[in-house]
Amino acid sequence: MKIMTEKLDTQFPLVASIHSPADVKRLTLPELNTLAEEIRQLMLLKESKQGGHFGPNFGMVEAIIALHYVFNSPDDRLIFDVSHQTYPHKILTGRAYAWLDPARYNDVTGYSAPSESVHDHFVIGHTSTSVSLASGMAKARDAMGGHENVIAIIGDGSLSGGEAFEGLDFVGEMDSNFIAVINDNQMSIAENHGGLYKSLAQLRATNGNSPDNYFRALGLDYIYVADGNDIASLIDAFQRVKDSTHPVAVHINTLKGKGYQPAVEHKEEWHYTTPFDIPTGHMLNESPYENWQDLTATYLLRRMKEDPTVLTITAGTPAALGFSEDLRHEAGRQFIDVGIAEEHAVAMASGMARRGAKPVFGVFSTFVQRTYDQLQQDLCINASPATIITVWGSPFTMNDVTHACLYDIALLGNIPGLVYLAPTSWEEYEAMLSWSIDQKDHPVAVRMPVGKVLHDPNFTPDDYSRLNRYKVVHRGSKIAIIGLGNMLATALETAQLLKEHGIDASVINPRYITGLDTELLDDLKRDHHTVVTLEDGILNGGFGEKIARYYGPTDVHVRCYGLRKEFRDRFDPSALLSEAHLTPPLILNDLLH
């Protein structure tokens with residue numbers, strides 16, 4: 001898409017005049033309101049061109065202006081929770097160039113980033129962490145004799161995460177300055193779920209006077225702001241709590257998506273957006289092709305209608321499994337959203353399975369990392385036959401350092417008792433899901449493929465209860481290429497290139513991430529001198545290392561291709577694969593030299 005190149009300073013003079021929070025403090029109330037409108041228009045222009053988190057930022061413009069008007073960042077510490085709410089904060093802290101100059105749109109990240117500014121204190125992408133992080137800063141401040149304000153900004157459904165409770169429970173007994181700003185926009189990504197939000201609804205309905213007060217119950221003082229998008233009211237509330245000597249919660253009632261009607265009317269769809277047409281709100285470049293999420297939702301909905309014991313679980317991200325609001329209503333009580341509580345979802349799935357139900361928990365690869373203890377302790381030690389669908393495991397999905405989906409193979413692949421499957425086509429994926437849901441012997445994870453939906457007209461179902469049986473796609477000799485899941489296509493293409501050089505390589509679809517087909521691996525030793533493994537996750541602790549260890553005492557040479565164990569931010573997926581030589585031409589060159 002073509003992006004404008006002219007700078008926008010003259011169209012947005014107030015924003016252009018803000019170089020630090022000190023400049024915000026000089027503005028009058030009418031100017032602050034004008035500033036809020038300029039910020040929204042700037043964000044609208046940028047996000048219409050390249051997409052981004054929309055609704056969360058549009059709802060927090062006034063609150064962030066008021067925070068910077070009252071507090072003294074960076075001396076006073078603003079700790080954001082779901083830090084995709086930081087766009088207005090970045091605009092007010094010397095980074096407006098990334099909105100005013102389209103040529104610099106990519107110069108800042110979409111999340112809190114200390115590498116960009118002293119006004120950001122943590123790299124934050126996952127949720128429910130701000131109170132814990134901020135409480136650590138507050139305790140260190142007290143130990144070191146400091147006096148600054150520490151403010152945790154939490155919202156967008158983050159209170160449903162267990163760490164948010166743990167943090168609030170701790171700060172409730174602190175006897176020093178701690179301020180929690182509760183952004184209550186009545187939404188997570190989709191609608192909020194959990195008894196806590198009934199309490200927040202009562203507080204909104206009573207103008208903050210309901211006796212059912214979660215924050216007071218935990219030991220925090222409490223202030224309610226009925227219009228969390230009114231700058232004057234916010235300034236008044238923040239001035240009242242500034243330099244507080246005890247913990248206090250400021251509960252602000254905001255409108256997610258404020259300022260752009262499509263985002264207000266369709267909050268779930270506009271939590272995050274791809275490029276769109278501003279006048280109509282229509283998304284640009286939408287793919288007309290089928291996708292894995294929609295196919296998954298159709299399959300699961302059919303299974304739920306056929307069998308009332310099939311229960312589908314999400315942790316605040318129903319789109320991971322393709323469940324729109326309409327499909328959730330159609331599924332009824334068999335579709336369960338636990339809020340942003342992945343740990344609870346895994347343990348609950350174990351409980352469901354032990355009681356005889358057939359739970360399916362869909363979770364993005366980046367978020368399954370939050371559940372390691374529950375996967376090991378609650379699910380696998382108990383051998384509960386629940387199904388986990390890991391979504392977007394690939395460098396070609398999310399590429400922010402906090403959201404990279406590169407670690408699930410190593411994480412899930414090393415938990416005893418778990419069967420982790422990597423399908424390569426829709427037919428294989430559906431067959432694996434069907435087996436997993438109906439079997440009673442194992443906890444099973446299935447890695448949803450990514451990219452274009454591939455169909456295999458020659459697919460024949462297999463008995464996946466015969467664990468760790470790889471599928472030989474083509475039997476050759478000398479070189480065997482084992483392409484895991486998404487990488488099978490790369491294996492096939494590499495084999496074709498090798499054939500042009502007179503080498504008829506074997507191609508193997510391993511299917512099982514968590515185990516070895518030792519019978520097949522031993523058989524390959526007869527007429528293969530090299531085995532190549534391909535995976536789209538990190539090499540350390542990954543699939544290929546299992547193969548390499550098995551062949552270690554033998555004469556078979558193993559080449560493992562995967563990604564380095566490192567943190568990379570906003571990486572180019574194709575460049576990442578090239579660096580790892582995970583492309584057919586580069587693999588070919590390695591094998592021939």
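**Overall fold and interior packing of the predicted model**

Of the contacts in the protein chain (heavy atoms within 4.5 Å) that link residues at least 6 apart in sequence, 76% join residues at least 24 apart. The structure is a predicted model, in which local features need pLDDT of at least 70 and side-chain atom pairs count only at pLDDT 80 or more, while totals for chains, interfaces and linings use all residues. Residues are numbered from 1 along each chain as its sequence is written, and side-chain values use heavy atoms, with hydrogens and water left out.

The protein chain contains 25 helices and 18 strands (DSSP runs of H or I, at least four residues, and of E, at least two, numbered from the N terminus). The C-alpha trace spans about 80 × 55 × 50 Å along its principal axes. Of the 593 residues, 59% count as buried, that is, under 20% relative accessible area with a 1.4 Å probe and protein chains only.

The largest nonpolar core (buried Ala, Val, Leu, Ile, Met, Phe, Trp, Tyr and Cys residues joined through side-chain atoms within 4.5 Å) has 79 residues, and Leu300, Phe323, Leu375, Ile389, Leu412 and Ile547 have the most contacts inside it. Apart from this core lies another, of 54 residues, among them Val108, Ile179, Val181 and Ile223. Beyond its neighbours within four places in sequence, Leu412 is in contact with Val368, Leu375, Thr390, Leu418, Tyr420, Ala445 and Thr514.

In helix α21, the buried residues are Leu488, Thr490, Ala491, Thr494, Ala495, Leu497 and Leu498. The buried residues of α21 pack against β14 (471-474), β15 (478-483), β16 (506-509), β17 (528-538) and α25 (584-592).

Technical notes:
Buried < 20%, exposed > 50% of the residue type's maximum accessible area, 1.4 Å probe, protein only.
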